[in-house]
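Q: Could you take a close look at one part of this structure and walk me through how it sits among its surroundings? I am in my first year, so please go step by step.

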Amino acid sequence: MNDIIPQARGFLSTSQPEKALEILTPHIASNSSSPEFLAILGETLLENNELKQAYNVLIQACELDPDASLGVEKFLYLGQIIGGADGLNYINTGLNKLNEILANINEGSVDEQELAKSVYRDVDEYKAWVIKKLNSGIFASIEIWMTDLCMEPEAESKCNELIDYSLSIDAENPESLSILSSIRISQQRQQEAVEALNKSWELFKLQKTKLEDFANTKETKEGGSGNGEDAFEVGLEYVELIQPLVTLSRYAIELEQYDTAIDIASNIQDINDSILDAFYIEALANLFKAKQMSTAKIATNSDEFDDYRELEISQLKNTPEIKQLLADSRLILTSAYKIVNSELGDENDPVLVQQVNELLNQLGGPIMSELMPKRENLDDEDVDWEAEIVSGDEE
């Protein structure tokens, strides 16, 4: 039993939830009263998109460990599933326990023997994990206050309180600053939102560069032992940048920071060149930038556009700069078109696919020359193409 949970955790960490579920399933009946087992089972079911089963399992796990003494994750997951005021109650149980642990660490009262039994190499690594989990719960709480409970009179003050606490425990967390930007957008405090956005992006860039430098260093070193796990964790952390960067780029679009949105989207493509969101956002930023450069208000049938983003492409000024931005948008969307029509196409959000296609159609459709397969040996003057074709027909 003791090795089943670490095995399942290993499969989850390598994005193999179906294998984690496979090894856990035979042991469900014999571990129905183990909150640790039920917690990993619930998380695994979530990763396998079995939401209803995950809910039932996590409820049972929380009832068996009401004060989160045997793990906080189940309360954080369950709170996000439930949402609303009830969801906040579950998340708060996890946060309270994490705050207690953090206070003990700061006071130097961590049980060294217990720490030695854990997966953490030292107190600093343990503290980093606690802060990461605290932020996870804080972000989930903010999401609930900004959605399910947004009409409550204390919603704004609660969001401010939570994000302030997040930044107090880790002032250099780029995701905290990204969420701060989102909160300021909702409060219509645009300048503060832009400042938080820019600082978040600077920190994300620094984090991305450090991870790349680490990977490059590993590649240049020959052999070495004991670094495989570190390299894997760094690779995982690198990939995990994608979603928060996609979110940040959308905030940049909303704040009309188009150059920043383009920069973020380009960096997402560095990490993974099959992320459809990144291509759509980059193309949209170029298009909005072109519209912004054109006349802000154009009279049409005695009406005026109050928002330049509502302008039709045909109404834009025909300047070299604007023509280039439109050409760039079309080229980027052609790359997106390739992703949509590749073997990865079915994995994308249908709404996003529709947005890509609609925007591409406005710009004249995909660039056909970019869709053609690249010919090999173009510089090989000795190739007799006619003979090759004849030979192929004879076969």
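A: The model is a predicted one, and a good place to begin is Glu43, which is found in helix 3, the helix of residues 35-47. Glu43 has a relative accessibility of 9%, and because buried means under 20%, this residue counts as buried. If neighbours within four places in sequence are set aside, the residues in contact with Glu43 are Arg9, Leu12, Leu58 and Tyr77.

From there we can turn to helix 14, which covers residues 258-271 and has 14 residues; at 1.5 Å a residue it should span 20 Å, and its end C-alpha atoms are indeed 20 Å apart, so the two values agree. Of its 14 residues, 10 are buried, and therefore helix 14 is largely enclosed by the rest of the structure. Among these buried residues are Tyr258, Asn267, Ile268 and Ile271.

Ile268 also leads us to the largest nonpolar core, which has 55 residues, since Ile268 is listed with Leu245, Ile253, Leu276 and Leu326 as the members that touch the most other members. Helix 14 is one of the elements that give two or more residues to this core, and the others include helix 13 (242-254) and helix 16 (320-340), while helix 15 gives the most, with 11 residues. Leu326, leaving out residues up to four places away in sequence, touches Leu287, Ala290, Ile313, Leu316 and Leu363. There is also a second, separate core, made of 41 residues, and Leu115, Ile144, Ile179 and Ile183 are included in it.

Key
Residues numbered from 1 in each chain as written. Predicted model: local features only at pLDDT ≥ 70, side-chain atom pairs only at ≥ 80, totals over all residues. Heavy atoms only, no water. Helix = DSSP H or I, 4+ residues; strand = E, 2+ residues; numbered from the N terminus. Expected span 1.5 Å × (residues − 1). Buried < 20%, exposed > 50% of the residue type's maximum accessible area, 1.4 Å probe, protein only. Contact = heavy atoms within 4.5 Å. Core = buried A, V, L, I, M, F, W, Y, C linked by side-chain atoms within 4.5 Å.
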